[in-house]
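Visitor: I should like to learn how strands and chain contacts are read from a model. May we work through an example together?

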Amino acid sequence: MAELAGKQYLDPKVLNQIRHLEMTARNVVEGFISGLHKSPYKGFSVEFAQHREYVPGDDLRYLDWKAYGKSDKYYIKEYEEETNFRALIAVDTSESMRFQSGEAPSKLEYAKTMAASLAYLIQRQSDAAGLALFDEKVYDFIPAATSHVTLLRMLATLEQHAPQKKTNIGEVLHDVAQRAGRRSLVLVISDLFDDIQHLKKGLEHLRARRHDAIVFNVMDEQELNFNFDRLTQFKGLEGYPQLLVDPRSLRKAYLEEVANFTSEARRHCLRNRTDFVQVNTRSALGTVLEAYLAKRMGTR
Amino acid sequence: MTTGTLIGIGIGVPLAAASVPVIIHLINLTRYRKVDWAAMEFLLAAYKKTRKRLQMESLIMLLLRVCAIVLLALAFFPFAADQVKAWFSEGLGLGRVSFAANAPLHLVVVLDNSASMAYTQEGQTSFERAKKYGLGVVDSLTQGRDRVSIVRLSDIYVPRGIGGTTISEEEQAKSRRRRVGQSANLDIETARRQLAETTVAAVDTNMLVALREAYRLMDVTPTTDAAALVVVSDFASSGWQELMAGGAQTGEFKDVLVKINERMARTGGAPIFYDAGFDDAQNLAITSLSCDDRVIGDGMETRINVEVANFSRGGEIRNISLVYRVDGREAKPAGGKVQLAAGQRNGDIQIVLKPEDLKLVSEREKKTGASRHIEVEIVEPDGLKGDNRRHLVINVVPDVPILVVNGVADKNPRLDETIYLETALGISDNRMDSDARREEVRITPNRVVSIQPSQLTAQESFLDYRLVILANVASLPESTVTKLEEFVAAGFGLIIFDGDRVDHQRYNRDLYKDGKGLLPCRLKGPEGSTDITAKLYKLVPVDEGHPVLSIFMRDVQSRALVTDPEVMRNWRGVDLPQGAEIDPLRPARVVLGINRGATPQPFMVDRGFGRGRVVYVSSTASERWNELWSSGNGLPLFLYHETVNYLTNSEARYANLGIGESFRRALRVRDIAPVYQIKDPAGAVSDIPATSEDGLPVIEFAGTAASGVYTLMASERGDSGQLNPKWQERFAVNAEARESDLVKVSGEERDEEGKGKDVGALLKDTLGDVPFNFQKAGGEREGKGLLADDAGNRLWLWLAALAAFFFLAETLWSLMISKPEQ
């Protein structure tokens, strides 16, 4: 059951925490929640999506009488409601996302939960959400849609894929920019462990295609603070070599490298009107989203 | 444990210690945590930037740890420290060490078992501590491979010459080597047993000679074997003061230690000094007990001179009370308390023995005399009991028979040769006693018998007398000369006065015998003038240390008695023994001279003959050649009394011996008995055979190892074989007084509190660069056997401090480089 398989990423506490939020930010969703504000897009329509068997309680307005006449069975017509907001959640599933320390979830687990929560939130607003899973390239893509089935597919997809291969964020963003179609909000969830110039070019491409983007830089606590206390052999993921070193003596230089990278990534995001949010996997997910949305509202 | 093993430790300990941090480092390199790491790009970039610095830090840390561990190891294994120091200083490498690593070890233990080692404190003697250490060292050796030599100070001790006789250096060395040889090159088990059986031997400390003997034993050790030296002593001032810096024997001490180190350097190591003594030792002692009157006659009053001392440093003033006993009877107090501050002596204490104390009681005693045992004791107890009591034996004689051979008998006293002399020698004193009752008290025991020269041939023997005086006797028959030689050789005295009747050529032939006879010098023709109006010359002391002159040398006035009067008119010229005539053990001593010319002409010459002595006077006993008796100042009275005392005190000298001195007693005809026995102070009785010396029967006893009174008993066997006492005689044996000074040697320098240096520092001052190890009973390294610490320079302390510094530096360094960024 696809529905059951993906539910582990829908933490009720998280959903409850973000339910009351109003996504009113200018750059995030004009018309993110129908009726609250005026959409910039016009003439949207409702498209048929699929049939399903009638169950008591269903609205009889959606009963497909033609299908009843042909098959003598009651079917309910389900529609995909078109909206003027499309969000594409791009989740990095490269090998580097497998990393975790202590009690915290792995970066990938955290990213999947984050993606599922965002997708649920978006669909709850009757907006369209799509999913792109990537490592060196986008290997799984679900176009943005408002249907519940799409959400279930997204959750099932998130659950199926194990981390592997390297990140190629630049190539991926080029691909996402193409596939997203009309203007969308691209939510990139990744550790961004790639050449910073690739990220820069990807962001420029998104911007050129008039997409908005938010980059969630998911990092583990140890990756951010490097609090190792004894001799450690670091086995590189994504094909990097291993290194035996006393981390205490290397900490300062490492933190400088991380800070430089973060600073550079943030700078490129700002240049391309992209929000950059660094997320610690030990932080509560709801708190992170709340903080992000509050910031978006504050900058409207 | 052999020196080879120790050398192995010497190299092994630092290497093992140095390898510990390296091994830990290597182990740590295998005990790391493994982490799959995503942000490897950042880590690699950081590593690339800091790699060189990290390697340097790691190296420094490792070096700090190695240094700290090595220094700690060296601090706790000072032998290894010494070895390392030796390698550095001598530039020698590992080859020598490996060469000796398993070599057999010859360990020489110099064990101080002198009297001071009996000092007891906290229920333990210094000697018990010394033996415990010595046994511990021996136990650490390897059975079947290593050997031990024990040099006890009692083996080194050679008693002073007896009765004026001396033992040559060569004889002393032979005696020592014979005794030391009995404990040389022992296997471990035998050495252990001998050490355990060794006791304190009331001898004095002669450490320099002991070390020379130790070096001799080490030097004859095969060169392929290791040699080691351990010196165990209480480091009392009495035995060590002269060896330490500023002492008279410092140079010799250092020389022998240099030689010992050179021997030990062949296989490594340095001599170990172990201090088994107590730092705060305090001791009261009787350091001297003597009697002025060397021959005591029945009914004479006698004074005993006592010297007491307080051997302590910085202690309180001590009250000393003395008691004395005569023949073990009830103790009597001897005067009041004497107060002595630390380090002070008092030699002015006198105990007056009344005539009744020494009186001859039985008929036998009145006939043969008797020996009286005087025991003086300090009442206050202290840690060294042996020197709180001293013994003195006084031989009380009915009288001292003196035979005077009067060469010129005349009714006119001025013309008689010996009338004045006989009168002077038999003089008595009238004094008032406490009851104001006039009583005659003898001041001399002499009983003078005068004969003519013609009567000499009728004398079967002179052994009934203690002294024979020949006064202006022309010549002596050959038989008389022989009898006189036997008499003097047996230990008695002879005075020869010259005069106009003396045939000096016959004297030279019969009595001088080219230095082999009785006469101390060769006689020549008369000097001076026989004219009674001729110039008179003064006497002059030549040998001021001679016992005859001792009463004259006490002060200026007494000296003037001899030097002021012009009394000598005529005398005989003499030649002292020359070349082959000289007997080195019995040299002729000019006691008094006649002050004429650049060199005084001999007036009184003294020389030993056998066990007795002969005094030759180059002028007359009468006023025939001089005006001694007319000088009016009592000079001849005192001079001849002292000379008689000097020549008749042989029994007194032989009755009071030092530890180790042999007791010898010549047997007169009437003394001969079938059985002779000696009873020692502990009451043990042993048979002593009579031996022959120069044709005379003699009793000799060499077992005077303990202080106290010994009794020589002559007995006859009864019909049923039981022993019936014939006569008995006692003699006293006392330890050397200098052993009583057991205050630890501390040098001349004193701090503000009056304290000197400790022994280790003093040894360092004395020996300078000469390597040694110092251990102390109850010290930090107690019981560590040969792994001694170097208290000489406290190297271990410095090493430990350096190690602590390195550990601290390493910790700080470690904290600094791992400090989290804020």
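Visitor: In which sense do S7(B) and strand S39 (residues 773-776) of chain B pair, and over how many bridges?

Guide: Please note beforehand that this model is predicted. S7(B) and S39(B) pair in the parallel sense, over 4 bridges. Within this pairing, B:Tyr274 stands opposite B:Gln775.

Visitor: Which strand of chain B pairs with S7(B) over 4 bridges and contains residues 226-233?

Guide: That strand is S6(B), and this pairing is also in the parallel sense. Here B:Phe273 of S7(B) has B:Val231 opposite.

Visitor: Which way do the residues of strand S7 (residues 272-275) of chain B point, and are they buried or exposed?

Guide: In a regular strand, side chains alternate between the two faces of the sheet. In S7(B), B:Ile272 and B:Tyr274 point one way, while B:Phe273 and B:Asp275 point the other way. All of these residues are buried.

Visitor: Let us turn to the contact with chain A. How many residues does each chain give to the contact?

Guide: Chain B gives 24 residues and chain A gives 28. On the side of chain B, strand S1 (33-37) and helix H2 (40-76) are the elements that give two or more residues. H2(B) supplies the largest share, 12 residues. By character, the residues on this side are 14 nonpolar, 3 polar and 7 charged.

Visitor: Which strand of chain A pairs with S1(B)?

Guide: Strand S8 (residues 232-236) of chain A pairs with S1(B) in the parallel sense, over 5 bridges. In this pairing, A:Phe234 stands opposite B:Val35.

Technical notes:
Residues are numbered from 1 along each chain as its sequence is written. Chains are lettered from A and ligands numbered from 1 in the order in which they are written. This is a predicted model: local features need pLDDT of at least 70, side-chain atom pairs count only at pLDDT 80 or more; totals for chains, interfaces and linings use all residues. A residue is buried if 20 or more other C-beta atoms lie within 10 Å of its own, exposed if 12 or fewer, and partly exposed in between; C-beta atoms are placed from the backbone. Two strands pair if DSSP finds at least two bridges between them. Two residues are in contact if their C-beta atoms, placed from the backbone, lie within 7 Å. Ala, Val, Leu, Ile, Met, Phe, Trp, Tyr, Cys and Pro count as nonpolar, Asp, Glu, Lys and Arg as charged, and the others, Gly among them, as polar.
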